[in-house]
Amino acid sequence: MVIMNEQGNILIIDDKKSDAEEFERVLRVEGYEVETAATAEAGLARAKQENFDVVLTGLHLSGSDEQRKEGLHIVSALQAAKPSLAVILMTAKPTTQTTIEAMKLGAYDSIIKGRVDWNAFTTLIHQAVEDTRFQRERPKVPVPLAEPDAIIGTSAVMHAMYKQIGRLAAKSVAVLIRGETGTGKELVATALHRHSARHDKPFIIVNCAAISEQLLESELFGHEAGAFTDAKARLIGRFEQADQGSIFLDEIGDMSINLQSKLLRVLQQKTFQRVGGKETITVNVRVIAATHRDLKLAILEKEFREDLYYRLNVAVIVSPPLRERREDIPILVEYFMHRYGKELVGNPEPQIHADALDCLQEMSWPGNVRELENVVRRALVSSHGIISLSDVQEAIAQDAVAKTVAPLPAGDQPLTAYVADLLAKVMRSELDGAHARVAAAAEREVYSQAIQLAAGDQSKAAKWLGVSRPTMREKLLRYGLHPRIESATKIAA
Ligand SMILES: Nc1ncnc2c1ncn2[C@@H]1O[C@H](COP(=O)(O)OP(=O)(O)OP(=O)(O)O)[C@@H](O)[C@H]1O
Ligand SMILES: [Mg+2]
């Protein structure tokens with residue numbers, strides 16, 4: 001029986017005595033109670049028997065047998081037997097694969113032996129003990145295994161994000177997810193709910209940008225019969241529906257100031273009133289919010305309440321843009337090909353040529369994963385199963401053209417006239433997004449003239465415009481000006 005220690009009880013599993021001793025010494029100095037085990041079997045048995053707060057385990061536990069990764073087995077076995085226990089993997093030679101594998105299996109963290117920053121290490125252990133104890137006090141509900149590939153990405157930035165999701169999931173604090181459009185904020189919100197103790201309770205999604213202010217208030221908080229003209233009967237709002245579960249408030253930056261106050265009260269006191277109602281309703285709902293807007297800027301413009309911002313800004317997850325994790329593009333492409341292959345081309349295992357994949361990997365993807373997904377779908381359709389470079393190029397050109405550029409100014413039409421014409425159409429509600437259209441049209445024009453003057457020499461044109469060679473290539477693709485796309489220019493015209 002281990003002596004329960006206020007500071008924390010740690011088990012170290014490692015076959016290398018000297019390594020174990022070094023960690024043990026440091027932890028004892030910090031006041032922890034430490035036990036060691038030299039084999040996987042002994043370690044597992046002890047970990048299951050006793051209430052340790054943290055388990056540190058080596059990766060290879062049978063001498064130098066590099067094939068056997070007993071540490072990973074310990075991680076998954078303890079995740080199953082004691083889901084709240086923090087298990088930290090110690091590796092000598094880190095490989096991304098092992099680290100990700102460990103995190104996916106439920107490791108709390110992984111550290112690299114021989115490169116340990118002891119200050120950071122003791123902070124980590126302290127946090128791990130707290131988190132284990134926090135979770136142990138929660139009611140025990142089996143955590144379902146997440147769909148293994150719901151969020152795709154093995155890059156370091158994604159790895160860091162998974163860790164954050166894992167750490168925040170178990171807590172009931174409100175979480176703010178920030179990130180550009182199409183980066184997967186909704187997937188993150190879903191993962192937070194699925195990995196929480198609330199996973200078998202409702203998960204309600206509300207898009208705050210899609211509904212008018214008055215309707216949004218009823219939608220969120222409900223209304224009493226007769227609260228306003230159209231309120232024939234009582235309506236139970238989303239917050240009440242989400243009781244005991246989670247609510248995902250997408251595009252929270254678009255919520256009106258008035259509703260923000262009401263939301264703040266829910267966060268602080270867990271109470272609200274239905275529209276037109278007097279009864280105070282109490283709910284236990286975990287709030288997950290997302291925005292692609294810069295809320296700090298919105299505060300300056302008096303569009304977002306500062307107190308709400310600080311309330312939400314305690315736990316933030318940043319969903320990284322795709323251009324900061326280009327190494328994930330191949331597996332994302334693979335994933336989408338697999339996901340849509342059967343439906344779109346009757347082939348569950350479509351292929352892609354290396355040069356086509358290179359092209360996808362070079363793009364900057366302002367629309368992030370959503371845009372990549374669209375392009376892969378288009379390329380699939382035109383490919384009949386094996387995606388070539390020209391399938392990709394056409395898909396990119398079509399995607400961009402369809403979205404913003406059309407209609408372009410006709411040949412010799414002066415810019416002033418074009419703008420006047422565009423704005424007139426906007427005022428008649430025939431078009432929207434005037435700024436994006438004009439900007440895209442002007443950009444297309446400058447790339448078009450430059451590449452013509454340079455007689456197709458992309459390096460020369462890039463130099464004249466002061467842009468990099470990859471940017472040049474990307475813009476030509478997007479505007480259907482790339483020499484390899486004959487058809488796309490016609491679409492744009
Ligand atoms: N890491 C990822 N792995 C797999 N699919 C992803 C990933 N990220 C995004 N997607 C896919 O991209 C699309 C957009 O994702 P999502 O709706 O979550 O983005 P978002 O950040 O909420 O964007 P917006 O701000 O425009 O609402 C979805 O089809 C989603 O499945
Ligand atoms: Mg979204």
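The legends below accompany close-up views of a predicted model.

**View 1. The chain as a whole, in a predicted model with 21 helices and 14 strands.** Of the 493 residues in the chain, 46% are buried. Among the contacts in the chain with a separation of 6 or more, 70% are accounted for by residues 24 or more positions apart.

**View 2. An open sheet of 5 strands in the order S2-S1-S3-S4-S5, with parallel pairing.** Its edge strands, each of which pairs on one side only, are S2 (33-37) and S5 (109-112), and the twist from one strand to the next averages 20°. Within this sheet, S3 (residues 54-58) and S4 (residues 86-91) are joined in the parallel sense over 5 bridges, and threonine 57 is found opposite leucine 89 in S4. Helix H2 (residues 40-49) packs on the sheet, where it touches S1 (9-13), S2 and S3, and the direction of H2 makes about 160° with that of S1.

**View 3. An open sheet of 5 strands in the order S7-S8-S11-S6-S12, again with parallel pairing.** Here S7 and S12 (316-318) form the edges, each pairing on one side only, and neighbouring strands are turned against each other by 20° on average, direction ignored. At one edge, S7 is joined to S8 by 5 bridges, the two strands running parallel, and isoleucine 204 stands opposite isoleucine 247 in S8. At the other edge, 3 bridges connect S6 (residues 175-178) with S12, which also run parallel; isoleucine 177 has isoleucine 317 in S12 as its bridge partner.

**View 4. Alternating side chains along strand S7.** Ile204 and Val206 point to one face and are buried, whereas Phe203, Ile205 and Asn207 point to the other face and are not buried. The buried Ile204 of this alternation is the residue that stands opposite isoleucine 247 in S8.

**View 5. The largest nonpolar core, a set of 33 residues.** Leu220, Phe239, Ile247, Leu249 and Met255 are the members that touch the most other members of this core. At least two residues each are supplied by strand S7 (203-207), helix H8 (213-221), strand S8 (246-250), helix H10 (257-269), strand S11 (286-291), helix H11 (295-300) and helix H12 (306-312), and H10 gives the largest share, with 5 residues. A second, separate core comprises 26 residues, including Phe336, Leu372, Ile387 and Ala395.

**View 6. The surroundings of methionine 255, a member of the largest nonpolar core.** When its neighbours within four places in sequence are left aside, methionine 255 is in contact with Cys208, Leu216, Leu220, Leu249, Gln260, Leu263 and Glu303. Two of these partners, Leu220 and Leu249, are listed together with Met255 among the core residues that touch the most other members. Cys208, another of the contacts, is buried, with a relative accessible area of 2%.

**View 7. Lysine 262 in helix H10 and its polar contact with glutamate 217.** Because its relative accessibility is 18%, lysine 262 counts as buried, the limit being under 20%. Its side chain makes a polar contact of 2.9 Å with the side chain of glutamate 217. Apart from neighbours within four places in sequence, the residues in contact with lysine 262 are Glu217, Phe221, Gln273, Arg274 and Val275.

**View 8. Positive phi values at glutamate 251 and lysine 270, neither of which is a glycine.** Glutamate 251, with a phi of about 55°, lies in the loop between S8 and H10, and its relative accessibility of 16% places it among the buried residues. Lysine 270, with a phi of about 65°, is located in the loop between H10 and strand S9 (271-273); at a relative accessible area of 41%, lysine 270 is partly exposed.

**View 9. Buried cysteines 208 and 359.** The relative accessible area of cysteine 208 is 2%, and that of cysteine 359 is 1%, so both count as buried. A disulfide is a covalent bond between the sulfur atoms of two cysteines. The count of disulfides in this model comes to 0.

Technical notes:
Residues are numbered from 1 along each chain as its sequence is written. Chains are lettered from A and ligands numbered from 1 in the order in which they are written. This is a predicted model: local features need pLDDT of at least 70, side-chain atom pairs count only at pLDDT 80 or more; totals for chains, interfaces and linings use all residues. Side-chain values use heavy atoms; hydrogens and water are left out. A nonpolar core is a set of buried Ala, Val, Leu, Ile, Met, Phe, Trp, Tyr and Cys residues joined through side-chain atoms within 4.5 Å. Buried means under 20% relative accessible area, exposed over 50%, partly exposed in between (1.4 Å probe, protein chains only). Helices (H or I, at least four residues) and strands (E, at least two) are DSSP runs, numbered from the N terminus. Contact means heavy atoms within 4.5 Å. Two strands pair if DSSP finds at least two bridges between them. Axes are lines fitted to C-alpha atoms, for helices over the stretch in contact, and angles run from 0 to 180 degrees between N-to-C directions. A polar contact is a pair of N or O atoms within 3.5 Å; within protein, one must be able to donate a hydrogen and the other to accept it, and residues adjacent in sequence count only if both atoms are side-chain atoms. A disulfide is a pair of cysteine sulfur atoms within 2.5 Å.
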